[in-house]
Amino acid sequence: MINLLEQELQTHDVVCRFCGQKTFTVIDLGRLPLANSLSTTCDAIAPKYPTSLQVCSACSTAQLAHCADKEKLYLDYLYVTPESDMLTQHYADIIHFLQTKNYLKTTHNILEIGSNIGHFLKFLAPNVQKILGFDPARNIANMARANGIPTICDFFDAKNAQHVAKQFGKQDIVFARHCFAHNEKPWLMLEGVTEVLQEGGLFIIENAYFPDTIEKREFDQIYHEHMYYYNVRAIDLITQKYGFELIDLLASDIHGGSMLYVVQLKGGKRSVQPIVKKHSEHEKNMHQPTFYASFTQTIEHNRHQLTSLLRKFKRQGKTVHAYGASAKSTTLLNYYNLHKRKIPYVVDSTPAKQGKHIPVTNNLIISEEDAAINVPDYYLLTIWNYQDEIIKKVRESGNQYSGFIIPHPQLKIIEGENTSRPQHSRIMPHRK
Ligand SMILES: [Zn+2]
């Protein structure tokens with residue numbers, strides 16, 4: 001059995017970008033469009049790129065075989081940190097953890113890399129002395145500034161870090177939340193952090209936690225912006241190589257399971273907490289192909305189940321729309337081939353996305369207001385990471401009718417609470 005699985009999970013000749021050792025393929029999603037490059041017209045031809053997830057057989061770092069160009073991905077960016085109670089609670093949890101552990105003080109100067117429109121910094125501001133954001137997307141940095149968050153618009157590297165140190169002084173904490181995996185050469189970020197970090201300072205990374213991605217079957221976390229998928233072992237090895245030391249962790253449920261890594265410069269005075277060793281132990285088989293066998297099998301099983309369900313609903317005359325035009329929605333809709341004839345509309349609250357289409361599958365993105373008068377029998381919840389929040393929002397909008405299809409880890413249906421459609425709803429014309 002093991003030999004057969006190892007044959008299926010063939011070894012590619014892609015080498016690990018961190019340690020140069022061989023990698024093996026965990027899942028090959030074929031050619032997918034860039035997840036946040038929404039099409040402005042229906043049936044526009046979107047370029048597609050290979051999307052194969054490899055794991056290093058030595059250091060267990062997971063990485064895409066093919067990295068897209070960073071300028072294409074980030075200079076004009078559509079992802080804006082959403083308004084969300086779950087995120088607000090998460091920020092409060094992070095700050096509480098850092099204060100309790102004495103990592104964060106009111107005298108601190110804080111730099112955040114990949115600060116987006118500055119939500120986290122705004123939340124952090126009353127607890128620290130100074131905040132500064134760093135983001136490469138021009139449109140996003142402008143929104144942050146308009147929001148009162150000082151933001152430098154560029155990619156973060158050693159040269160830019162020197163500039164920050166000179167102009168704003170060295171920083172007590174540098175955050176890189178959900179961006180350390182987002183570029184081909186994360187070591188450039190580590191080099192930059194060494195330039196700008198105060199002696200005794202901390203570098204705090206947060207990312208989707210790869211063991212959760214695997215255990216919860218979240219294959220749609222795989223897209224071109226996510227060039228790396230980290231576990232504790234990988235972060236430990238990578239940061240060590242560039243003169244740092246991983247000392248503490250905070251696990252959370254955000255974005256389908258995330259990990260916050262607290263890192264100091266090697267030789268720093270803080271001691272390594274036992275939780276680091278505990279997690280590394282749990283991950284000890286992640287450099288072996290057999291660890292991933294049930295993941296790839298379940299994805300195929302779920303794909304079959306969902307497409308069969310949609311066929312059945314179509315025969316019964318039931319309508320299905322998707323909820324959430326996030327990056328993971330593009331992966332899910334494309335890999336499952338859920339084009340506009342199967343799922344005509346995707347609801348999303350971000351105005352910049354509305355009126356655009358998911359690339360290749362061409363599902364039209366509509367606002368929550370349009371969704372309230374265009375009530376489907378079911379929503380495929382593509383932003384399953386906000387499940388409770390979205391269901392509550394839809395129910396509070398007066399829609400007790402639509403059911404929800406949850407795609408992971410196993411396909412699950414949550415039926416609507418009323419059997420009759422809301423009075424004001426109407427069916428939008430069928431999309432050709
Ligand atoms: Zn490696």
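Buried area is taken here as the accessible area, for a 1.4 Å probe, that two parts lose on being put together, summed over both. The structure examined is a predicted model, and the domain assignment of its protein chain gives domain 1, spanning residues 85–274, and domain 2, spanning residues 316–414. Between them, domain 1 and domain 2 bury about 1200 Å², with carbon and sulfur atoms accounting for 61% of that area. On the side of domain 1, Met86, Phe219 and Asp220 supply 46% of the area buried against domain 2, which is more than any other three residues provide.

The C-alpha centres of the two domains are 31 Å apart, and contact across the interface involves 13 residues of domain 1 and 12 residues of domain 2. With regard to polar interactions, 6 residue pairs are in polar contact between domain 1 and domain 2, counting pairs in which both residues have pLDDT 80 or more, whereas the rule applied for salt bridges finds 0 across this interface.

The interior of the model was examined in terms of its nonpolar cores. The largest of these has 46 residues, and those with the most contacts inside it are Phe156, Phe180, Phe203, Tyr230 and Tyr261. Helix α7, which comprises residues 186–196, gives the most to this core, contributing 5 residues. Another core, lying apart from the largest one, has 39 residues, and Ile95, Phe120, Ala144 and Val394 are among them.

Terms used. Residues numbered from 1 in each chain as written. Predicted model: local features only at pLDDT ≥ 70, side-chain atom pairs only at ≥ 80, totals over all residues. Heavy atoms only, no water. Core = buried A, V, L, I, M, F, W, Y, C linked by side-chain atoms within 4.5 Å. Buried < 20%, exposed > 50% of the residue type's maximum accessible area, 1.4 Å probe, protein only. Helix = DSSP H or I, 4+ residues; strand = E, 2+ residues; numbered from the N terminus. Domains from an automatic or database assignment. Contact = heavy atoms within 4.5 Å. Salt bridge = Lys/Arg side-chain N within 4 Å of Asp/Glu carboxyl O. Polar contact = N/O pair within 3.5 Å; in protein donor to acceptor, adjacent residues only side chain to side chain.
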